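Please look through the sequence and the model shown here before reading the report.

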Amino acid sequence: MADQVESTSPEAMPRMIDFMSSVLERVAKSNDLSRRFEPTQRLSVFHSLTTPTITIHSYLQRIFKYADCSPSCFVVAYVYLDRFTQTQPLLPIDSFNIHRLLIASVLVSAKFMDDIYYNNAYYARVGGISTAEMNLLEVDLLFGLGFQLNVTPATFYTYCSYLQREMLLQSPLHVAESPLNLARRLKLHCSFNEDESAHQKQLAV
C-alpha cells in the first residue's frame, strides 16, 4: 500500500458527495418501484425493517465528516457498490439497504486504501449500528464482492468520469475540472497489474 492519499480542497469533496448521493438516491428510488413488481428480490443483512429516516445525502455527509478517510475511498466505495450489484443481482440497491451498504463499502475501502483507519466499532457508531452488525456487514460485503477489492487507475478514472458527467449535468456552470485532473488530485494508490478493461459499467437507472 502506498502513502496516505492526499486530501482534496474542502469544497471539492463535499460536491463529490452531493453528486454521489444524487446518483444513489435515483438508483434506490427506481429499485423501490421495481421491488413492488418483482417479489423475487431476497432480503439480506443489509436490509432494514423500515427505511431509515436519515437521507442518503445526510448519511454520506456524516460518514465523510467523521470517518476521516482519504477522499479516494469514496470513489472506491462507489466502485464496490457497483461490483456488488453486478455480482448480487437479487440484491439491488434500494432505500432499505443503501445505508448499510454505504457504511460497509466505505469501511472496506478505507481498510484497503489507507494506511491508518478507524476500527469497526468506530464505524459502527458513525453508521448508527452495533459493532456486531458492522462486523457482519463487512464480511457479507467482502464475500459478495468475491474479495475483489483492487481498483486499477483506469477503472478509477472511469468512475471519476461518470461522477464528473453527473456534476456537469446538474451543475454545468460550477464544474470546470476535467475527470483526469479529478482522478489525479484524488491520487488513487493501487496495483497496476489488474486487467479490468471489461469492467466499465456504472450504477445507473
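The report below covers the basis of the model, its core, its salt bridges and one loop residue.

## Basis of the model

This is a predicted model, in which local features need pLDDT of at least 70 and side-chain atom pairs count only at pLDDT 80 or more, while totals for chains, interfaces and linings use all residues. Residues are numbered from 1 along each chain as its sequence is written, and side-chain values use heavy atoms, with hydrogens and water left out.

## The nonpolar core

The largest nonpolar core (buried Ala, Val, Leu, Ile, Met, Phe, Trp, Tyr and Cys residues joined through side-chain atoms within 4.5 Å) has 53 residues, of which Leu24, Ile63, Leu102, Ile103, Tyr123 and Met134 touch the most other members. At least two residues of this core come from each of helix 1 (12-37), helix 2 (56-67), helix 3 (72-87), helix 4 (98-113), helix 5 (120-127), helix 6 (131-144) and helix 7 (153-170), where a helix is a DSSP run of H or I with at least four residues, numbered from the N terminus.

## Two salt bridges

The structure holds two salt bridges, each a side-chain nitrogen of Lys or Arg within 4 Å of a carboxyl oxygen of Asp or Glu. Arg100 in helix 4 and Glu133 in helix 6 are 33 residues apart, and their side chains meet at 2.5 Å, N to O. Glu138 and Lys111 form a salt bridge at 2.9 Å, N to O, linking helix 6 to helix 4.

## A loop residue

His47 lies in the loop between helix 1 and helix 2, and it counts as buried because its relative accessibility is 12%, with buried meaning under 20% relative accessible area (1.4 Å probe, protein chains only).

How values were computed
Buried < 20%, exposed > 50% of the residue type's maximum accessible area, 1.4 Å probe, protein only.
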